[in-house]
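Student: Hi, have you got a minute to go through this one with me? I'd like to ask a few quick things.
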Amino acid sequence: MKGSTMAIISTTANISTLRAITGASAGDVYEVLGYYGAGDGGGGSYYYDATDSSSLDNGGSIIVANDGKRWKLRATGGFSVRQFGARGNGSADDTASLNKAISATGAGTLYWPAGTYLVYGGLVQPASQSWQGAGGQRATTLKKMGNFDLVTLGDLGSIQDINLECQGASYSGRGIVVSNGFSQLIRRVRISQSQGIALEFALNQGGGSTIADLEATTTNPGTVAAVKLSDNTASPKFFSNIWLSGGLFDFSAGGNGVSVTNFYARNLLTSASTALLHIANGRFASLSDPVTLSGSDITLTGVAFSGPVALKNMQGAKITACTLGSGFTEEAATCQYNEVYDQRKPYTPLWTQPAGSGTQPSIGNGSITASYQRSGYACLVSIRVVTGSTTTYGNGTSAYQLSLPFKGHVSVDQRGLPAVVTINGTTYPCWATIGANEDVLTLGFNGQSVRLGHPAAWTAGSTIDLEFSYLVR
């Protein structure tokens, strides 16, 4: 390239007419008005490189004329796929032209002008290459026309302002795959109706990646994830402004060190191997699918769940300022040290006596009402028992028990919890005890258990009232 010695000496209509030029001299430059015709987005300034007699014609940045001379495209800031013959008209097969453009760009920027590009084979981005669409999410569209993964993103690669129409009703395969490398950038991208996972990161790949302003859907949103990650070691990724509509976030194979903020999704999937996952300021909108949260050291802040939430195989979670749908449950055998904050919710305690002690009490036409509020590692509980005319009072052998919404602390007996029993207008100040790792409280009065006949003969209208806070498992 001769720099200041070059001057445009003429124009030519398209790449075909450039190939037909003969007799070029060093320093000659032609302005090519289009790839197929003037104004189609292709073409550009081409100079004759008199020092090159061996480069192959790549259909865009290097054009070998009919007389064997090499014309080189003068491009500043990157190439356009239109300069390699891609039409983007929604009817032509642009696959070959796109692959030529991708190969020629190398570690540079490839521009995708507005249009719909039909793709009949997967596009693989080289390392450090950037793809830039025309703006927004839908001006530039890649339309899948077969069974394959539409885009494989390269190491240090980026894709911005591009719409991927996966046509999952007709074709299998994923939308975007990150199979290797790190620090990828996905911004203002839409992945529509993928039959396979819309965006998937391979095991421990894509660490340091940023995914922002993403919209993704699959054709089977209840079972096929819109976004899936697989990590068994720290591989942080940063998601923000994510709209999965009816889709799933799948962290069941990892999610180690991942953060998600400002989102809307159907649901999320976790497992016991999910760790160090941080999710904030968004909504999981499925009413019909319960959310099961598993893993360790997971943080959720300002997240709304439309449906019920269950903690299972969960250690060290912190859930604050969240809306937990109709409430949440915690599997006592597999959960520990979870710091959960939730609004006050009703629950129905079971009124029992220890198994094998004799006849069990039954509330009959009386009532048992209760509510709880989880506050970190503690739970605030309110219980009221009112006996009726058909209530039976169990046996006189052992203490009455009332079940708790969550098991008590795994290693601490909690004693002296206040309770009040009222029988025939007489009030008896009682106490309750929660044994270590127990899911019931027992009632006592004056050194004995509260039971049939104690502290007095029970009658219809008798009450048991408790208002206390206890440490959970």
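Student: Leaving out residues up to four places away in sequence, what does Arg-374 touch?
Tutor: Happy to help! This is a predicted model, and in it Arg-374 touches Phe-328, Glu-330, Asn-338, Val-340, Tyr-341, Asp-342, Cys-379, Phe-406 and Val-472.

Student: Is Arg-374 buried or exposed?
Tutor: Buried: Arg-374 has a relative accessible area of 0%. Arg-374 sits in strand S35, which spans residues 367-376.

Student: And which backbone oxygen lies 3.1 Å from a polar atom of its side chain?
Tutor: For Arg-374, that is the backbone oxygen of Gly-376.

Student: New topic. How many disulfides turn up in the whole structure?
Tutor: Zero, after a search of the whole structure. Take Cys-322: the nearest cysteine sulfur belongs to Cys-335 and is 16 Å away. A disulfide needs the two sulfur atoms within 2.5 Å, so Cys-322 is in no disulfide.

Student: What about Cys-335, where is the nearest cysteine sulfur?
Tutor: On Cys-379, 15 Å away, and Cys-335 is in no disulfide either. Cys-335 is buried, at 1% relative accessible area, and Cys-322 counts as buried too, at 4%.

Student: Last one: which residues touch the most other members of the largest nonpolar core?
Tutor: Phe-239 and Phe-249, in a core of 111 residues.

Student: What is Phe-249 in contact with, leaving aside neighbours within four places in sequence?
Tutor: Phe-239 is one of its contacts. The others of Phe-249 are Val-227, Ile-242, Leu-244, Val-260, Ala-265, Asn-267, Leu-268, Leu-269 and Phe-284.

How values were computed
Residues are numbered from 1 along each chain as its sequence is written. This is a predicted model: local features need pLDDT of at least 70, side-chain atom pairs count only at pLDDT 80 or more; totals for chains, interfaces and linings use all residues. Side-chain values use heavy atoms; hydrogens and water are left out. Buried means under 20% relative accessible area, exposed over 50%, partly exposed in between (1.4 Å probe, protein chains only). Helices (H or I, at least four residues) and strands (E, at least two) are DSSP runs, numbered from the N terminus. A polar contact is a pair of N or O atoms within 3.5 Å; within protein, one must be able to donate a hydrogen and the other to accept it, and residues adjacent in sequence count only if both atoms are side-chain atoms. Contact means heavy atoms within 4.5 Å. A nonpolar core is a set of buried Ala, Val, Leu, Ile, Met, Phe, Trp, Tyr and Cys residues joined through side-chain atoms within 4.5 Å.
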